[in-house]
Amino acid sequence: MQSMGDPAGFSGALRTYAADLGKIASDLRLLASGPRTGFAEILLPAVQPGSRHHAGKVNPSIPRW
């Protein structure tokens with residue numbers, strides 16, 4: 001019989017790490033949200049180009065989880 005202790009421990013550590021990264025991304029989204037719906041404490045640089053239909057629009061980078 002094989003022991004599943006090592007793979008189970010690795011899986012638990014990976015799940016914990018993923019949950020922590022999700023919480024960080026959620027906090028960044030809240031802190032960077034607009035002045036009406038959030039805190040607007042962090043200003044993310046605009047790194048994604050806007051659409052073809054709106055020439056001057058620029059999309060900020062938003063962390064997703």
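Buried residues make up 5% of the 65 residues in this protein. The model is a predicted one. Its accessible surface comes to about 5,900 Å². Carbon and sulfur atoms hold 61% of that area.

The fold has 1 helix and 2 strands. Read from the N terminus, the order is α-β-β. Helix α1 covers residues 5-32. Strand β1 covers 46-49, and strand β2 covers residues 58-60. Consider next the contacts between residues with a separation of 6 or more. Of these, 25% join residues 24 or more positions apart.

Confidence comes next. The average pLDDT is 77. A score of at least 70 is reached by 63% of the residues. Confidence is highest in α1, at a mean of 90. It is lowest in strand β2, where the mean is 61. Local features are described here only where pLDDT is at least 70.

Start the walk ahead of the helix. Ser3 lies in the segment before α1. Its relative accessible area is 63%. The cut-off for exposed is over 50%, so Ser3 counts as exposed. The Ser3 side chain also makes a link to the backbone: it reaches the nitrogen of Gly5 at 3.3 Å. Gly5 is residue 5, where helix α1 begins.

Now move into the helix. Leu21 is found in α1. Is Leu21 buried or exposed? Neither label fits, because its relative accessibility is 42% and it counts as partly exposed. Leu21 also belongs to a nonpolar surface patch. The other members of the patch are Phe10, Leu14, Tyr17, Ile24 and Leu28. Together the six residues make a patch of about 610 Å². Membership in such a patch requires over 30% relative accessible area, and Leu21, at 42%, is therefore over that cut-off.

Past the helix, the chain enters the loop between α1 and β1. Gly38 sits in this loop. Which residues does Gly38 touch, leaving aside those up to four places away in sequence? They are Leu30 and Ser33. The relative accessible area of Gly38 is 23%. Buried means under 20%, so Gly38 counts as partly exposed. Leu30 falls within the residue range of helix α1, and the contact thus links the loop residue Gly38 to the helix.

Note on methods. Residues are numbered from 1 along each chain as its sequence is written. This is a predicted model: local features need pLDDT of at least 70, side-chain atom pairs count only at pLDDT 80 or more; totals for chains, interfaces and linings use all residues. Side-chain values use heavy atoms; hydrogens and water are left out. Helices (H or I, at least four residues) and strands (E, at least two) are DSSP runs, numbered from the N terminus. Buried means under 20% relative accessible area, exposed over 50%, partly exposed in between (1.4 Å probe, protein chains only). Contact means heavy atoms within 4.5 Å. Accessible areas come from the Shrake-Rupley method with a 1.4 Å probe; for residues, only the protein chains shown count as cover. Patches are made of residues with over 30% relative accessible area and no salt bridge: like charges are joined within 9 Å, nonpolar side chains (Val, Leu, Ile, Met, Phe, Trp, Tyr) within 5 Å. A salt bridge is a side-chain nitrogen of Lys or Arg within 4 Å of a carboxyl oxygen of Asp or Glu. pLDDT is the predictor's confidence in each residue, from 0 to 100. A polar contact is a pair of N or O atoms within 3.5 Å; within protein, one must be able to donate a hydrogen and the other to accept it, and residues adjacent in sequence count only if both atoms are side-chain atoms.
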